[in-house]
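Please load the model in your viewer, switch to a cartoon representation and keep a selection prompt at hand. The tour below proposes one selection at a time and says what is found there.

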Amino acid sequence: MLDAGDVVILLRAWRLASRIRSANVIWTGRTSDLLPSSRRDLEAVARWCGYGQGNAAELEEDYLRLSRRARSVFERTFYGQ
């Protein structure tokens with residue numbers, strides 16, 4: 001069973017990943033589960049995700065932090081690590 005803190009981490013990570021995926025589709029017309037590699041595309045995705053102009057790096061940092069935390073919850077829950 002997950003504790004409430006782990007649930008919050010997983011929900012936040014899922015919501016951000018879903019917003020990024022949707023923004024990728026809107027911006028490029030293609031599905032992708034990766035952050036864009038070009039700064040121009042990353043900036044556009046960040047704007048679609050609600051980040052202010054010039055905050056693409058903030059989106060990237062939020063994504064990396066949340067995905068690491070979600071992975072930690074997953075590994076601890078399913079692999080006992």
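The stops that follow go from the whole chain to its helices, then to the core, and finally to a few single residues.

**The whole chain**

Before selecting anything, bear in mind that this is a predicted model. With the full chain in view, the secondary structure comes to three helices and zero strands, and the order of elements from the N terminus is α-α-α. If you draw a box along the principal axes, the C-alpha atoms fill roughly 40 × 25 × 20 Å. Colouring by accessibility should pick out the buried residues, which make up 28% of the 81 residues in the protein. Among contacts between residues at least 6 apart in sequence, 43% join residues at least 24 apart.

**Helix α1**

Select residues 4–28, which form α1. This helix has 25 residues and reaches 36 Å from its first C-alpha to its last, close to the 36 Å expected at 1.5 Å a residue. Now show side chains for its buried residues, which are Asp 6, Ile 9, Ala 13, Leu 16, Ser 18, Ile 20, Ala 23 and Asn 24. What covers these buried residues of α1 includes α2 and α3.

**Helix α2**

Move on to residues 39–48, the stretch of α2. Here the buried residues are Asp 41, Leu 42, Ala 44, Val 45 and Ala 46, and they pack against α1 and α3. Step past the end of the helix and you reach Gly 50, which follows α2 and has a positive phi, near 95°.

**Helix α3**

Residues 56–79 make up α3. With 24 residues, α3 reaches 33 Å from its first C-alpha to its last, close to the 34 Å expected at 1.5 Å a residue. Its buried residues are Ala 56, Leu 59, Asp 62, Leu 66, Ala 70 and Val 73, and their cover includes α1 and α2. The helix is followed by Gly 80, whose phi is positive, near 65°.

**Where α2 meets α3**

Keep α2 and α3 visible and hide the rest. At what angle do the axes of α2 and α3 cross? They cross at roughly 75° and come within 8 Å; since angles of 65 to 115 degrees count as roughly perpendicular, α2 and α3 are therefore roughly perpendicular to each other. To display the contact itself, select Arg 39, Leu 42, Glu 43, Val 45 and Ala 46 on α2, together with Ala 56, Ala 57, Leu 59 and Glu 60 on α3. By class, this contact has six nonpolar, no polar and three charged residues.

**The nonpolar core**

Bring all of the chain back for the next selection. The largest nonpolar core has 16 residues, of which Leu 16, Ile 20, Val 45, Cys 49, Tyr 51 and Leu 59 touch the most other members. Each of α1, α2 and α3 supplies at least two residues of this core. Centre the view on Ile 20, which, not counting residues up to four places away in sequence, touches Leu 35, Val 45, Cys 49, Leu 59 and Tyr 63.

**Asn 24**

Next, select Asn 24, whose place is in helix α1. Is Asn 24 buried or exposed? Its relative accessibility is 4%, and because buried means under 20%, Asn 24 counts as buried. Leaving aside neighbours within four places in sequence, Asn 24 is in contact with Gly 29, Arg 30, Ser 32, Leu 34, Pro 36 and Val 45.

**Arg 69 and Ser 72**

The last stop is back on α3, where Arg 69 is found. Arg 69 is partly exposed, with a relative accessible area of 38%, and, beyond its neighbours within four places in sequence, it is in contact with Ile 9 and Arg 12. A distance label between the C-alpha atoms of Arg 69 and Val 8 should read 11 Å, although these residues are 61 residues apart along the chain.

Ser 72, also found in helix α3, is partly exposed, with a relative accessible area of 35%. Draw one more label, C-alpha to C-alpha, from Ser 72 to Asp 6: the two are 9.5 Å apart in space and 66 residues apart in sequence.

Methods. Residues numbered from 1 in each chain as written. Predicted model: local features only at pLDDT ≥ 70, side-chain atom pairs only at ≥ 80, totals over all residues. Heavy atoms only, no water. Core = buried A, V, L, I, M, F, W, Y, C linked by side-chain atoms within 4.5 Å. Buried < 20%, exposed > 50% of the residue type's maximum accessible area, 1.4 Å probe, protein only. Helix = DSSP H or I, 4+ residues; strand = E, 2+ residues; numbered from the N terminus. Contact = heavy atoms within 4.5 Å. Axes fitted to C-alpha atoms, helices over the stretch in contact; angles between N-to-C directions. Parallel < 35°, antiparallel > 145°, perpendicular 65-115°, else oblique. Nonpolar A, V, L, I, M, F, W, Y, C, P; charged D, E, K, R; others polar. Expected span 1.5 Å × (residues − 1).
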